[in-house]
Structure formats: structure tokens, C-alpha cells
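Reader: I am a first-year student, and I should be grateful for a close look at a single part of this structure. Please explain each step of the reasoning as you go.

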Amino acid sequence: MFCLFALVPTFFLLNSLLKFFTSGRRKLPLPPGTMGWPYIGETFQLYSQNPNVFFASKVKKFGAIFKSHILGCPCVMISSPEAAKLVLVTKSDLFKPTFPASKERMLGKQAIFFHQGDYHIKLRKLVLRAFMPESIKSIVPDIDSVAIASLKSWEGQLINTFQEMKSFTFNVALLSIFGKDEVLYREDLKRCYYILEKGYNSMPINLPGTLFHKAMKARKELAQILAKIISLRRQMKHSHTDLLGSFMGDKEGLTDEQIADNVIGVIFAARDTTASVLTWIVKYLAENPSVLQAVTEEQEAIMMTKEECGEGKVLTWADSKKMPITLRSLRSLILPDLRLILLINFLDINLVSSEAQSFSMIWQVALKPNTFMPFGNGIHSCPGNELAKLEILVLVHHMTTKYRWSMVGPQNEIQYAPFALPQNGLPIRLSLKRESIDLHKLQKRHLQKEK
Ligand code: HEM
């Protein structure tokens, strides 16, 4: 998910497909392709370069469906929209989601991503209950505080945008899972989670000194912290509307282990995805002054209206619904890139042909159905998309109304880690706008526009 996520679904489809081919009484032939080195397979070919190169060369040699071996896991890769639709939607019941062993063991076997059927339906209901608009409305002021605090800590600094956005989205994820309690556990959870994530793309070799071993130790500690939080909540007996409250309130009851696996899973799903989108937004707003101005004006107008109505400064859910220009601008700026970011997920490789090299050209190519699915499709599609949009809008509101920023160093390259990101995580310098916003000036501008 993430943009680790971008690779993850690919794997899950793929290993599932492999099972599809090899299960049953009579073994079906596998599609063409190569399996690489014993055990290591073709992991390094995929992870050490732009994944599009890996996919393009395989598709050229073997066609849109080919076999490979990634992260210790034999798999079948697909890269056509028809196949994506078949696996995700029309025949999804035939495929069991499977991830490479390293990811499955780190997230926990009972996490939502790995399941189908009744258990998946039950989890999905609980997750959707916590992330539907009615539930996340109440945490907008808290997301607002997290955004303000993050921006304040970056003030006057040279920052790595992606790293800092990861910190912001991590804090928002904790807020949506633990509500206001999150500050109590934030540092411990962060310390363990940051060790865990380093092992996500490692080979599952559990020997002292390996990334995988360290990650598994951190995973154990995370589960212990979560068990403590759950036990404290049980003693308090208050009801909570956050994700943990939703999991704990289930009548049929989830075990502590099931809750821990799914809490870690949601952090994994929520963080890098949203942080990478925010990083691209910061880059493209900086590169497109007219869009930045339009977005800033809309955000300033929201501030002004709040001031005039005596509503206070804290953003609300209603404010987040008054940002059509921002939403439209971000969509048109970011979608062409998201298509690349998520390319390795479900995009038809033929779209990225030599005549469609630039992002804008790719945007102009009419999309075939099932080629671009930033939030997935079918029964596993993203249940956190409303929260993702909300936290993006809140951060953009404060960033454009109070700060200016400039990119530092060359910014023409894309790095793959393994997902697409601006070079070096986009170093920027952020500073407070010199003139504080003059509400009277704004009001005048607003009136002039109305005339
Ligand atoms: C821009 C940000 C995001 C993007 C692009 C994104 C993308 C996706 C995609 C493509 C899937 C489907 C994966 C698959 O088919 O296996 C997915 C699933 C999921 N996402 Fe997101 N996501 C984002 C943010 C979030 C957030 C903020 C949360 C939670 C707070 C979240 C929670 C989940 C969960 C729990 C699943 C698994 C659903 C299931 O298996 O039924 N995501 N996401």
C-alpha cells in the first residue's frame, strides 16, 4: 500500500494466480517467464531499478501474464486491465490474497489484506465504520492540530518532504485508530514501527543481524504495547468511536492478536500511500504558481469567512467541503503522477508508450477501464480514502495560507523505493509567509471578484 502498497497488491494478485494455476487435480501449465536464482528469484531485478523497466522488458519478452519469483515467493505477474478486473472483481472469489512471507509475518496473518469470505467481510465492516465520513468528522480539529504542529516543526528548516509527510500521516493514522489517547503511545509506537518498516522488503531470513530479524523483534514489542492499550481500555469501560473502539466493540469479539494485526495493518496501509501523494502535491504546487495561487486564494477565503462568522480558526468537516478548486487542482496535478506512482499496480503497460512520455501526455490518453485505480477496486478497495483526502486537504490548507516553500537541489528525477517518489524525497525549505494574512485586504479582493 504503499507505495509499498503499489507493489503489494501486485504480489498478492500474483501469488494468488500462481495458486490458481497449480491447484486442482490436474496441474495447469504456468505462463512463460523466468524464476531467477534459487530462493532469491528476481527480487533484485525488480527492486534495484525503476519497476516499469522490469515490467516492460518482461511484457515484451513474455506477454502481459508472466511468471517470476519475488521476495522468496513464486508468483504470476499480470499487467493487463482485463486480467486486473478478473482477479479483483469478476472472479475475486477464486483468488486468495497472499503476500510475500516477509510482509505477511510482519503485518500479522490475521490482517484484513490476507483474507476473503466471512472474516474479511466482518473486518471490512468494522474498518469502514471507523473511517466513514460520520466517524472521521469528529477528528477534523485533531487532524488540524497535528497539521499545524507538523508545519511549525518544519518552519525555517530544510526538510526531506517525504520523511516529514510520513511522520504527519503516521500521527493522523494513530489518531484515527486510538483517538486522543494516541499521544500517550505515539513515541513508543513510532520507535517500534520505524524498525518494523525497514524489514518490509527484506527476505524472510530470521537470523540475528538481518533486517527481518530486527523487524520481527519490533513487531513483537508493538504487539505488547497494543495489548497494554487494549487491556487499559477494557478496564476503563468507555466506548470509543475510533478504529480500536470499533474492533473492540464487535459483538462476536476479535481476539487481541486479531486486533493487533489489523491495527499494524492499517498503519501500514495509511502512511506511505498518503505521504507519497502529499510529497507529489508539494512538488507540483511549487512548480505551478498559477495553481498554487488559485488554491491559496480559496483557502484564504475559507479563513476569512470563518473569521467573519466568528467561527474560530480550527478547521471543521464543513470547511473541508468548501474546497472545490483545491480538490480539482490537486486531482489534475496529481493524477497523472499517481498513474505513474501506481503504475506497477494495475496500469496497462501499453499506456506508457514512447509517444506518451510526459505526465501531461499520459493524462491526455483516454483511459481504458481498469487501468487506473488509485484506491483499488472490488472487495479489497481502499476503505480509508475519505480520511486520506481529508488529511491532504487540511495540510494543504495550512501550508498554502501560512507558508511558502522552495525546492532545494535538482528535481527532475524520480526515485524508486520501490515506489515512485521525487528525487531524495524532495528536499524543501519552508518558511512562514512574511506578511501575515491581512483579512481586510482579502475581503477587498473578495468583493472585487464578486463585482
Ligand atoms: C492516498 C492514499 C491512499 C491510497 C492511494 C490507498 C490505496 C489503496 C489500495 C490501492 C488498496 C487496495 C489494495 C488491494 O487491492 O489489495 C487499499 C486498501 C486498503 N487501504 Fe488504502 N490507500 C490510501 C490511504 C489509506 C488510508 C489513510 C487508510 C486508513 C486509514 C487506508 C486503509 C486501507 C485498508 C485497511 C485497505 C485494505 C482493505 C481490504 O483488504 O479490504 N488506506 N488502499
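Author: A donor is here an N, O or S atom within 2.8 Å of the metal, or within 3.2 Å for Na, K and Ca; water is not among the atoms, so a site may look incomplete. The model is a predicted one. With that definition in hand, consider the metal: the iron atom of the ligand has a single donor from the protein, the SG atom of C382, at a distance of 2.3 Å. C382 lies in a loop, with α18 (359-364) on one side and α19 (385-402) on the other.

The long answer continues with helix α11. This helix comprises 26 residues, 211-236. At 1.5 Å a residue it should span 38 Å, and because its end C-alpha atoms are 38 Å apart, the expectation and the model agree. Its buried residues include F212, M216, R219, L222 and R233. The buried residues of α11 pack against five helices: α5 (101-107), α9 (161-178), α10 (182-198), α12 (243-248) and α13 (256-287). Just after α11, K237 adopts a positive phi of about 60 degrees.

A further loop residue is E42, located between α1 (4-22) and α2 (43-47). Its relative accessibility is 3%, and therefore E42 counts as buried, the limit being under 20%. The side chain of E42 makes a polar contact with the side chain of S68, at 2.6 Å. Leaving aside residues up to four places away in sequence, E42 also touches other residues, among them T34, F54, K58 and H69.

Key
Residues are numbered from 1 along each chain as its sequence is written. This is a predicted model: local features need pLDDT of at least 70, side-chain atom pairs count only at pLDDT 80 or more; totals for chains, interfaces and linings use all residues. Side-chain values use heavy atoms; hydrogens and water are left out. Helices (H or I, at least four residues) and strands (E, at least two) are DSSP runs, numbered from the N terminus. Buried means under 20% relative accessible area, exposed over 50%, partly exposed in between (1.4 Å probe, protein chains only). A polar contact is a pair of N or O atoms within 3.5 Å; within protein, one must be able to donate a hydrogen and the other to accept it, and residues adjacent in sequence count only if both atoms are side-chain atoms. Contact means heavy atoms within 4.5 Å. The expected span of a helix is 1.5 Å times one less than its number of residues.
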